[in-house]
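Visitor: I would like a close look at the aromatic rings here and at what surrounds them. Could you take me through that part slowly?

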Amino acid sequence: MLDQGVIFNIQHFTLHDGPGIRTELFLKGCPLKCEWCGNPESFKPYMQPGVYSNKCISQEKCGACVEACPDNSMLSFVDGKLTAIDLSKCTNCFACSNACPADAIKQWGKTMSVEECMKEIRKDKGFYQRSGGGVTISGGEPLVQSDFVAALLKACKAEDIHTCCESSFYSNWNNIEKILPHTDLIIADIKHMDTNLHKKYTGVHNENILKNIKKIASETQPLILRIPIIPQVNDDMTNIKATADFILNELGGHVRTLQLLSFMRLGEEKYRSLGMTYKMQDLEFNRETFQQHINEIANYFNSRGIHCLVGTKEKQ
């Protein structure tokens, strides 16, 4: 098992991904590129710099990044402010980030050992005990770093901490097998039932995902399914009915809760910081009407005997 992983965020006192008060660790690396993803910094499995030009003091008044960078030809300026870093030249030494006094260059990701993660996790241990909470590993796609995740989950279980893994489950089964013995709760997404549309919007087909979810449903861990409901992508009733059929016929209804997550326009600034295009920026829809539609979808699932709620809660 690997002792080190690359993590881009640790959230304390989260209430969304598993029961009780939790500490959630977000790992870098994801084979999917969902067009609506709010965490583009999770795509690459290694550390990256992100540029926030609105924070830049200016090359004339500061210039610390120019002096620190071993090859400052990769730095681009507009009207004197840093706007981009040529990531094809960048070696991720983060000399520029360390030198910047204005936090205009953010380091996306940090290498941490299992023990370093456990030190963060132990800070919240009293809250787990009082609330029935624990630790959730998310991403990105945590199975990209399956050896590290298995080691971290095992360390949590050794200290009687409840564990949860949130994953797309687009992975080889041997990676999943590494984490299952140390995982108390599984959270999995179903983004679209049509494999070609799944590839169109996420970059990969869904056969492997659905096959793995079917296997997981036969394991002993409780399973929570989530559908990120995206307007004009997967909110049509043809897809919703196909999803219900899959849950009932292929999973035997072995789903603790189905959670519908409403699309939120998140992460646009992070896309800009990485020089990426946010593909949902032109999507237009009426929020109130869309929310009502999601409630109707939840009612449909419940009418089929599938316990379904809107949001990340498990109880009404």
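Visitor: To begin with, which residue lies over the face of Y52, and at what distance from the ring centre?

Guide: Happy to take you there, with one reminder: this is a predicted model. The residue over the face of Y52 is K55, at 5.5 Å from the ring centre. A second lysine is placed over a ring as well: K106 lies over the face of W108, with 4.9 Å to the ring centre.

From there, let us turn to rings that meet other rings. A pair of aromatic rings is described by the distance of the centres and the angle of the planes. The structure holds six aromatic pairs. One of them joins Y271 and Y278: the centres are 5.0 Å apart and the planes make 50°, a tilted arrangement. Both partners can be checked for exposure. Y271 has 3% relative accessibility, and because buried means under 20%, Y271 counts as buried. Y278, at 2% relative accessibility, is buried too.

Another pair brings F285 and F290 together, with 5.2 Å between the ring centres. Their planes stand at 70°, and because an angle over 60 degrees counts as edge-to-face, that is the name this pair receives. Here the two partners fall into separate classes: F285 is partly exposed, with a relative accessible area of 25%, whereas F290 is buried at 5%. The two rings also belong to a cluster, in which ring pairs link F263, F285 and F290.

For the wider setting, look at the open sheet. Its nine strands follow the order β7-β1-β2-β8-β9-β10-β11-β12-β13, and the pairing is mixed. The edges are taken by β7 (110-113) and β13 (308-310); each has a single partner strand, so one side of each has no neighbour in the sheet. On average, neighbouring strands are turned by 30° against each other, direction ignored. Further along that order, β11 (residues 223-229) and β12 (residues 257-262) run parallel and are joined by six bridges. One residue match to look for is I229, whose bridge partner in β12 is S262.

Finally, find helix α3 (residues 114-122), which packs on the sheet. Helix α3 touches β1 (4-14), β2 (22-27), β7 and β8 (134-139), and its direction makes about 90° with that of β7.

Definitions and conventions
Residues are numbered from 1 along each chain as its sequence is written. This is a predicted model: local features need pLDDT of at least 70, side-chain atom pairs count only at pLDDT 80 or more; totals for chains, interfaces and linings use all residues. Side-chain values use heavy atoms; hydrogens and water are left out. Two strands pair if DSSP finds at least two bridges between them. Helices (H or I, at least four residues) and strands (E, at least two) are DSSP runs, numbered from the N terminus. Axes are lines fitted to C-alpha atoms, for helices over the stretch in contact, and angles run from 0 to 180 degrees between N-to-C directions. Contact means heavy atoms within 4.5 Å. Rings of Phe, Tyr and Trp (its six-membered ring) pair if their centres lie within 6.5 Å; planes under 30 degrees apart count as stacked, over 60 as edge-to-face and the rest as tilted. Buried means under 20% relative accessible area, exposed over 50%, partly exposed in between (1.4 Å probe, protein chains only). A charge sits over a ring if NZ of Lys or CZ of Arg is within 6 Å of the ring centre and within 35 degrees of the ring normal.
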